[in-house]
Amino acid sequence: MTNLKENAHKKLATNALSGMVANVIYMVSRFLLTPFTLHYLSLAEFGLWSLCFIILSYAGMGGFGVNSTYIRYAARYLAEGKEKEISKLLSTGVTYMFAFSMLFMLILYFAMPLILDRFHVQPAQRDMAITLFLGTAAVTSLELTLGGFRFIINGLHEFSKEKTVSIVGGLLEVGAIILLLMLGAGIKGLLYAFATRVILETIACWTIARNLLPSLQVSARLISREHFRLFIGFGGKVQLLGIFNIFLTVIDRMFITAISGLTAGGMFEVARKLPSTAGSISSSVFGPFLSTAAHHEGTWDGGKALSFPERTVNYVLIALTAATVAVVPVALLPILPFSLPVAPQWIAAAATLFALILLMTFHNNIKQESRLYSIELRTLYLNGIRFTNIINSFLFTFLIALAYPLIHAWVGKEYTHAAEIMIFLSAAYAIQLCTGPMTMIFRGIDRNGRELEYMLVQLILMVIWIPSGTKMWGITGSAAAITCSSALSTMFFVWRSNLTFKVTLPEFFNRTIAPIIIPVLPAIAIATTAGIFEQTDRLQTIMLVLVCGTGYVLACAALFWKFTFEEAEKQKAREMLPFSGRKA
């Protein structure tokens, strides 16, 4: 058992690195694929394909708790030498997800007329839309049902093998899309390529899982009521958080498509592609924080653990405060179809006062909470946000500085409006992603309520601000609303987390916020350079982006090394270099 634990710990860095490499490859492949796809598909068709995955994200909600159950209990059974229990776990999970997938397909089939009307799908596109919606749902159902093979591999501490399958499968999908579009398959070619990837990845994961654990099998005889309880019990908490997270990731496109139509949804999808894929690089390193936090035993001192009624009162106070804060700017916008009984300024002032009273009440309630005493977890918390902010500031400052040249080089000048939207979304992603280490640490110490509070604030702000911003300023207003929602909810989460880990605001700023200033000067330099040279064609723009990008990377690396990294961090970086000459 000790050797297994040591082996899992040694593979932690390799597994995290494989996740980052996989995301980089995905980002590059999708970056190159999008303009090719838009050459063969209209913007409305591209928006329709995006809409398919907004709908499918609801099916994906069913997988969050199940996936975590696979990983956690496969690792536990392996450590305890109970390999037969892994087969029972897998067999029960396959049955559980098959039932869920069939229910989802049934609901989707009968809800199809409502979906087509709600998202303004034109009559000429409805037959194609039905084929795409049901086809992608069938493929996703297969992926959900047999996805346990993938997560059993992760539970056996072979995350890098699973990521290798994802890389190969993703590249094969890209190749299939290119071939099918060139052969005239149209938007259906995307569906066929998607199905091909899922089938091949499923076969590969099953083969790898069987090689790692020859006794692994799926059988109706192995279905167990005990393991059903694991999926429903342990997976339930993660499931709730997963539902919130999925809803938050698609709510913007739902509002935009419903209010402004498929074309606007397609433009927004183009604008969010680069920030989204860049964000996947940052988020790929979050996983190890959960396991690291779980290995440390912190002590909760002072105060008390709040009862369920007390926690419920706090959730209500948080929701009311967020809703009241959201009302303040909306009351001042001329978007309501009716006249207010009093002046908007008075409504905004009253909402501000009420929000302050609610916030003070909430603060008094949480004063009696216990605080966490753990030097290791406190250090992990600060360092996690620090390094996430370094990565985020490096990536997203570049996207903001070269937003227009990047869009022009990528998909052409006819999508210039997407650059303006991308600037807002890059800021939103940079802010929101710094919460990644916090959420993983709180999951590791079994304090999921903190993440629930954060998501509750973000959800309420987005539900009120995104429709308001979209009606007032179009999809640019949507992006601005997303940025404001992310900023305010993140500030709340940081405030709550600092109280838990006993971190003062000056300490938090110096440790985690100050490093993000470093990329600003190189960003100003490349933005100025891009503004000087006239961009007459896409080839010239591509060259300009490459030159500016190279200069930006070199300048940021030098500045971070000189002014940000501490000596211990520099030594760790030297050890990770492939030419360092050090052996693992």
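## Cores, cavities and a few telling residues

In this predicted model, the largest nonpolar core has 90 residues, and those with the most contacts inside it are Y381, L399, L406, I407, I421 and F501. Helix α18, spanning residues 448–501, gives the most to this core, with 19 residues. Apart from this core lies another, of 60 residues, with L33, I54, L132 and L181 among them.

### The overall picture

Let us step back for a moment to the whole chain. The protein has 584 residues, of which buried residues make up 50%. Its secondary structure consists of 22 helices and two strands. If we take the contacts between residues at least 6 apart in sequence, 84% of them join residues at least 24 apart.

How far can you trust the coordinates? The average pLDDT of the protein is 85, and 89% of the residues score at least 70. Among the elements, helix α16 (residues 416–433) has the highest mean pLDDT, 95, while helix α11 (residues 287–295) has the lowest, 63. Over residues 1–9 the pLDDT stays under 50, and the model has five contacts beyond four places in sequence for this stretch. Where pLDDT is low, the predicted coordinates should not be read in detail.

### Around the largest core

F501 is a good place to start, being one of the residues with the most contacts inside the largest core. Beyond its neighbours within four places in sequence, F501 is in contact with L372, L377, R378, Y381, I441 and F442. Of these partners, Y381 is also named among the residues with the most contacts inside the core.

Moving on from F501, K502 lies in the loop between α18 and α19 (505–513). Although K502 is not a glycine, it has a positive phi of about 55 degrees. K502 counts as partly exposed because its relative accessible area is 39%, between the 20% and 50% cut-offs.

Back inside α18 we find T483. With a relative accessibility of 13%, T483 is under the 20% cut-off and therefore counts as buried. Setting aside neighbours within four places in sequence, T483 is in contact with F424, L425, A427 and A428.

Helix α15 (residues 403–411) is mostly covered, with eight of its nine residues buried. The buried residues of α15 are A403, P405, L406, I407, H408, A409, W410 and V411. L406 and I407 are also named among the residues with the most contacts inside the largest core. Just after α15, G412 takes a positive phi of about 105 degrees.

### A glycine in helix α9

Helix α9 holds G235. This glycine counts as buried because its relative accessibility is 1%, under the 20% cut-off. G235 and V66 are 169 residues apart in sequence, yet their C-alpha atoms are 5.7 Å apart in space. Leaving out neighbours within four places in sequence, the contacts of G235 are with G65, T69 and L230.

### Two cavities

How many cavities of 30 Å³ or more does a search of the whole structure find? There are two, and the table sets them out.

| Cavity | Volume | Residue classes in the lining |
|---|---|---|
| Largest | about 70 Å³ | four nonpolar, two polar, three charged |
| Second largest | about 40 Å³ | two nonpolar, five polar, one charged |

The lining of the largest cavity is made up of E143, L146, G147, F149, R150, V198, E201, T202 and C205. Both α6 (148–155) and α8 (188–212) supply at least two residues of this lining. Which of the helices gives the most to the lining of the largest cavity? It is α8, with four residues.

The second largest cavity is lined by G47, S50, L51, I54, R253, T257, G265 and G266. The elements that give two or more residues to this lining are α2 (43–60), α9 (225–260) and α10 (262–283). The largest share, four residues, comes from α2. I54 appears in this lining and is also one of the residues of the 60-residue core. Helix α9, which contributes to this lining, is also the helix where G235 lies.

Key:
Residues are numbered from 1 along each chain as its sequence is written. This is a predicted model: local features need pLDDT of at least 70, side-chain atom pairs count only at pLDDT 80 or more; totals for chains, interfaces and linings use all residues. Side-chain values use heavy atoms; hydrogens and water are left out. pLDDT is the predictor's confidence in each residue, from 0 to 100. Contact means heavy atoms within 4.5 Å. A nonpolar core is a set of buried Ala, Val, Leu, Ile, Met, Phe, Trp, Tyr and Cys residues joined through side-chain atoms within 4.5 Å. Buried means under 20% relative accessible area, exposed over 50%, partly exposed in between (1.4 Å probe, protein chains only). On a 1 Å grid over the protein atoms alone, a cavity is a set of points where a 1.4 Å probe fits but cannot get out, and a pocket is an open set with protein on both sides within 12 Å along at least five of seven lines; lining residues have an atom within 4 Å of a point. Grid points are joined across faces, edges and corners, and a volume is the space filled by probe spheres set on the points. Ala, Val, Leu, Ile, Met, Phe, Trp, Tyr, Cys and Pro count as nonpolar, Asp, Glu, Lys and Arg as charged, and the others, Gly among them, as polar.
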